[in-house]
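Subject: Structure for your review, with findings

Dear colleague,

Please find below the structure that I am handing over to you. My findings follow it, grouped by region.

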Amino acid sequence: MTQWPKIFQGLPRIFRPIMLLLKPIIQFFVLLWFLCLKIPSPDVFIVQNPPSVPTLVAVRWASSLRNSAFIIDWHNFGYTLLGLSLGRNSRFVSVYRWIENRYGKMADGSLCVTKAMQHELAQNWGINATVLYDQPPEFFHPTSLEEKHKTR
């Protein structure tokens with residue numbers, strides 16, 4: 001997906017709330033168009049979270065329209081990352097959290113990379129996730145100095 005045009009980044013701060021609403025709405029329709037019309041119908045949509053908005057909404061809608069399973073790969077909570085820039089008490093953060101929670105519960109399955117995230121999802125969100133540790137296979141190793149300088 002193309003980047004949001006830079007012309008919008010230079011607008012006065014008074015327009016920031018409007019842009020915070022407009023940007024995910026446009027992204028939602030572009031993403032939904034790609035997921036429903038531009039690609040063959042998959043058996044499963046697997047989406048990494050974050051980003052949550054508009055991704056979870058668009059993929060959930062596309063999975064319903066395409067009769068596909070909807071799986072979320074939880075790496076973090078998008079609302080906490082948004083809170084770092086807007087402040088934890090921002091209304092946008094509250095809405096983002098609500099959307100993330102609601103659509104997270106609609107998933108047909110959930111994956112995460114730590115037991116801590118699995119616990120958080122189960123205890124505070126009512127979501128059962130399977131832990132798949134994010135670690136390289138044993139044959140990966142640090143590159144030796146000799147390997148770094150070896151020519152092909």
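Does Ser68 count as buried or exposed? Ser68 counts as buried, since its relative accessibility is 7% and the cut-off for burial is under 20%. Please bear in mind throughout that this is a predicted model.

**Ser68 and its loop**

Ser68 belongs to the loop that runs between helix H2 (55-66) and strand E2 (69-74). A polar atom of the Ser68 side chain lies 2.4 Å from the backbone oxygen of Pro42. Residues up to four places away in sequence aside, Ser68 touches Ser41, Pro42, Asp43, Val44, Phe45, Ser63 and Asp108.

Asn67 is also placed in the loop between H2 and E2. Asn67 is exposed, however, with a relative accessible area of 73%. Its phi is near 55°, which is a positive value in a residue other than glycine.

**The loop between E1 and H2**

Two cis peptide bonds deserve your attention when you prepare the model. One joins Pro50 and Pro51, with omega of about 10°. The other runs from Val53 to Pro54, and its omega is near 5°. Pro50 is found in the loop between E1 and H2, Pro51 has its place in the loop between E1 and H2, and Pro54 lies in the loop between E1 and H2.

Which residues does Pro50 contact, leaving aside its neighbours within four places in sequence? They are Asn76, Gly78 and Leu81. By contrast, Pro50 and Leu145 are 36 Å apart in space, C-alpha to C-alpha, with their positions 95 residues apart in sequence.

**Helix H3**

Helix H3 spans residues 78-86, and its buried residues are Gly78, Tyr79, Leu82 and Gly83. These residues lie on the same side of H3, because they cover an arc of only 135° around the axis. The buried residues of H3 pack against strand E1 (44-49), helix H4 (91-105) and helix H5 (115-125). Gly87, just after H3, takes a positive phi of about 95°.

**Helix H5**

The buried residues Met117, Leu121 and Trp125 are found in H5. They are on the same side of H5, because the arc that they cover around the axis is only 40°. What do the buried residues of H5 pack against? Their partners are E2, H3, H4 and strand E3 (109-112). The face of H5 turned away from the buried side carries the exposed residues Lys115, Ala116 and Gln123. Just after H5, Gly126 has a positive phi of about 70°.

**A nonpolar surface patch**

Finally, I draw your attention to a nonpolar patch on the surface, with an area of about 930 Å². Leu11, Ile14, Phe15, Ile18, Leu22, Ile26, Val30, Trp33, Phe34 and Leu37 make up this patch. Ile14, one of these residues, lies in the segment before helix H1 (16-38). Is Ile14 buried or exposed? Ile14 is exposed, because its relative accessible area is 68% and the cut-off for exposure is over 50%.

I would be glad to receive any comments that you may have.

With kind regards

Technical notes: Residues are numbered from 1 along each chain as its sequence is written. This is a predicted model: local features need pLDDT of at least 70, side-chain atom pairs count only at pLDDT 80 or more; totals for chains, interfaces and linings use all residues. Side-chain values use heavy atoms; hydrogens and water are left out. Patches are made of residues with over 30% relative accessible area and no salt bridge: like charges are joined within 9 Å, nonpolar side chains (Val, Leu, Ile, Met, Phe, Trp, Tyr) within 5 Å. Accessible areas come from the Shrake-Rupley method with a 1.4 Å probe; for residues, only the protein chains shown count as cover. A salt bridge is a side-chain nitrogen of Lys or Arg within 4 Å of a carboxyl oxygen of Asp or Glu. Helices (H or I, at least four residues) and strands (E, at least two) are DSSP runs, numbered from the N terminus. Buried means under 20% relative accessible area, exposed over 50%, partly exposed in between (1.4 Å probe, protein chains only). A polar contact is a pair of N or O atoms within 3.5 Å; within protein, one must be able to donate a hydrogen and the other to accept it, and residues adjacent in sequence count only if both atoms are side-chain atoms. Contact means heavy atoms within 4.5 Å. The arc is that of the directions from the helix axis to the C-beta atoms.
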